[in-house]
Amino acid sequence: MTAERISAKFEACRSEGRAAFVAYLMAGDPDLDTSFECLKALAASGADIIELGAPFTDPMADGPAIQRAAQRSLAAGGSLSSTLDVAARFRLEDKVTPLIVMGYANPIFSMGLTNFAERAAAAGVDGVITVDLPPEEDASLREALAAHGLAVIRLATPTTTEARMKRVSDGAAGFVYYVSVAGVTGAAVGAEEDIREGVERARRLSGLPVAVGFGVRTGEQAARFACLADGVVVGSALVEEVRAAVEDGAPKSAVKRITVVAQSLSNAISSARIVRSMT
Amino acid sequence: MSRANAWSQWPDANGRFGEFGGRYVAETLMPLVLELEQEYARAKEDPAFQAEFDDLLTHYVGRPSPMYFAERLTEHFGGARIYFKRDELNHTGAHKINNCIGQVLLARRMGKTRIIAETGAGQHGVATATICARFGLPCVVFMGETDVERQKPNVFRMRLLGAEIVPVSSGTGTLKDAMNEALRDWVTNVSTTFYVIGTAAGPHPYPMLVRDFQSVIGREAREQILAAEGRLPDALVACIGGGSNAIGLFHPFLEDEGVRMIGVEAGGHGVNTGQHAASLTGGRPGVLHGNRTYLLQDQNGQIIDAHSISAGLDYPGIGPEHAFLHETGRAEYRTCTDTEALEAFQLCARLEGILPALEPAHALARVGEIARELGPDGLIVMNMCGRGDKDVFSIAAHLGVNI
């Protein structure tokens with residue numbers, strides 16, 4: 001059984017009648033210790049699942065917010081290795097929140113697939129999202145991770161047709177990350193009807209929970225998506241709080257800023273379906 | 001056309017040249033990349049497509065480009081006979097236009113209404129803007145800020161041709177950053193937009209189709225050198241950034257085992273200084289921009305910025321087929337420093353009356369030693385893949401001349 005912590009969390013959210021709040025942060029942004037404190041703050045503020053970004057020099061699927069986060073992390077000595085270190089520290093204190101490492105293929109290949117899988121498993125990571133490894137290219141990573149019970153989380157997008165979704169579903173585990181719009185992270189959100197259709201197709205063909213992300217910034221957007229999907233991913237909006245803290249000359253204040261934003265998003269997501277059923 | 005050979009089976013069905021190549025792109029792009037592969041397969045079988053491509057190469061580009069015996073350089077080096085394949089005489093001044101025509105014709109077949117491209121030296125940008133003007137297609141060119149600065153004449157040319165230039169400030173503001181930004185645009189505008197990649201790299205089928213469109217260089221060269229010398233050359237020499245001019249020259253000769261193939265990478269300040277763009281000589285395999293290939297990267301798998309005096313070679317990767325030819329030993333790869341390229345540029349200007357672009361000046365810098373290695377009975381074809389007019393201002397700056 002792979003990714004038990006992920007399935008358990010989605011199951012728990014479903015039984016509570018709400019979508020999961022999936023929160024993204026870049027590891028090592030603005031520095032390792034602060035990002036560790038930010039992770040704890042996320043979990044304490046209602047994040048159900050955490051995606052931990054691993055920095056890469058050439059994040060071609062990311063918009064400016066996450067590009068800058070990666071640059072801040074790299075400038076502070078961040079790497080895939082230190083990302084796994086932060087994950088391990090978090091896991092020592094939190095045994096229930098699923099941790100997904102999200103990044104690009106090259107640092108993983110550079111570390112070596114076996115080595116990466118061993119270290120990720122030891123760090124208590126539950127799944128991995130690799131933006132530039134489509135199903136055609138992820139077999140060796142899936143094999144290495146499966147040996148340790150870790151899932152490769154697949155992505156589906158507005159360009160994913162019915163036939164393509166079957167390909168994406170074959171080998172998918174944990175959940176499906178539905179990219180709300182053809183674009184980079186932090187872009188504008190797509191049309192609600194298209195997202196509903198895409199999410200339903202992904203859920204039907206994969207048999208897995210579906211989380212929607214890319215472009216969700218406000219509580220209002222998060223609430224709308226919470227009515228369509230099993231999870232809502234917020235990244236750029238949180239990462240921008242780290243940027244604001246750094247630009248204020250008070251990087252440690254990122255923890256407090258993230259707490260405020262995460263609580264508000266969590267409330268919006270938790271109450272979304274109740275609010276909608278009342279209106 | 002080249003005959004079937006052991007090398008022409010590559011890439012395989014997964015877009016791999018041995019372990020290199022592949023399709024490492026975001027899921028949003030996968031359906032398009034697969035559609036492009038199918039459309040290209042159909043176009044290859046369509047005589048009308050080939051006829052239109054050939055017609056534009058003849059009447060618009062001015063092909064075939066001449067095969068020129070560089071008599072005075074041959075005398076100067078005192079070794080093998082040196083020929084230049086003169087792709088710098090093409091319309092727009094470089095080999096890049098061969099590929100742009102092929103890709104824009106594909107874009108039209110696929111019903112795409114907007115063209116994007118990345119550019120380093122600006123030659124690919126100019127060629128793309130040119131073809132877009134010819135076909136009335138809007139064209140957006142992504143170019144690193146550093147390159148916008150050092151290639152001002154080409155930036156102006158692209159604007160004259162009606163293209164929109166987007167300066168890219170992320171990273172070091174060079175070719176790889178322009179490619180990142182082009183990929184971000186493509187993923188955002190995937191339904192309307194065709195990405196014209198300028199070199200034989202990127203996700204499958206790009207390395208294959210760019211190679212095929214550029215192979216006109218090698219097919220002509222093969223016929224021309226047989227006509228001029230009655231035999232095949234001993235060595236082909238070409239500069240390598242991403243490697244499109246080199247693979248275009250090499251590919252039709254791959255089955256000719258007696259023909260050595262020598263690619264020249266940009267050695268920048270010297271490969272031992274760490275400031276260079278020699279991904280085969282100074283890098284190791286990894287994944288970037290859609291393909292598995294040799295990359296300049298640190299121990300953590302982060303990409304290292306390349307350095308070269310030549311904006312067109314200033315890229316931390318290389319086309320996957322070159323990675324494969326390197327590993328199999330079918331081709332050899334050497335390097336040339338910034339200084340050596342500048343010297344070769346000046347030598348060629350004085351002895352042959354040809355201003356080479358800084359890119360082929362790298363190839364020329366190795367031609368002398370290769371000519372001496374082969375001796376007077378030897379025969380070399382070097383691809384003069386671009387002309388140096390665009391580089392005049394930056395060369396003046398390097399030589400400390402105020403113009």
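Leu355(B), Val392(B), Phe393(B), Leu399(B), Val401(B) and Ile403(B) form a nonpolar surface patch of about 530 Å². The model is predicted. Chain B also holds an open sheet of 4 strands, and a search of the whole structure finds 6 cavities of 30 Å³ or more.

**Surface patch**
- Val392(B) is one of the patch residues.
- Helix α16 of chain B, residues 392-398, contains Val392(B).
- The relative accessible area of Val392(B) is 32%, so this residue counts as partly exposed.
- Patch members need over 30% relative accessible area.

**Open sheet**
- The strand order is β1-β2-β12-β11 in chain B, and the pairing is antiparallel.
- β1 (16-17) and β11 (284-288) of chain B are the edge strands, each pairing on one side only.
- β11(B) runs antiparallel to β12 of chain B, residues 290-295, and 5 bridges join the two.
- Within β12(B), Tyr294(B) is the bridge partner of Pro285(B).

**Cavities**
- The largest cavity encloses about 330 Å³ of space.
- Its lining counts 28 residues; His95(B), Lys96(B), Gly312(B), Leu313(B) and Glu359(B) are the closest to the centre.
- Two or more lining residues come from each of these chain B elements: β5 (114-119), α5 (123-135), α8 (175-188), β9 (235-240), α11 (244-250) and α15 (358-374).

Definitions and conventions. Residues are numbered from 1 along each chain as its sequence is written. Chains are lettered from A and ligands numbered from 1 in the order in which they are written. This is a predicted model: local features need pLDDT of at least 70, side-chain atom pairs count only at pLDDT 80 or more; totals for chains, interfaces and linings use all residues. Side-chain values use heavy atoms; hydrogens and water are left out. Patches are made of residues with over 30% relative accessible area and no salt bridge: like charges are joined within 9 Å, nonpolar side chains (Val, Leu, Ile, Met, Phe, Trp, Tyr) within 5 Å. Accessible areas come from the Shrake-Rupley method with a 1.4 Å probe; for residues, only the protein chains shown count as cover. A salt bridge is a side-chain nitrogen of Lys or Arg within 4 Å of a carboxyl oxygen of Asp or Glu. Buried means under 20% relative accessible area, exposed over 50%, partly exposed in between (1.4 Å probe, protein chains only). Two strands pair if DSSP finds at least two bridges between them. On a 1 Å grid over the protein atoms alone, a cavity is a set of points where a 1.4 Å probe fits but cannot get out, and a pocket is an open set with protein on both sides within 12 Å along at least five of seven lines; lining residues have an atom within 4 Å of a point. Grid points are joined across faces, edges and corners, and a volume is the space filled by probe spheres set on the points.
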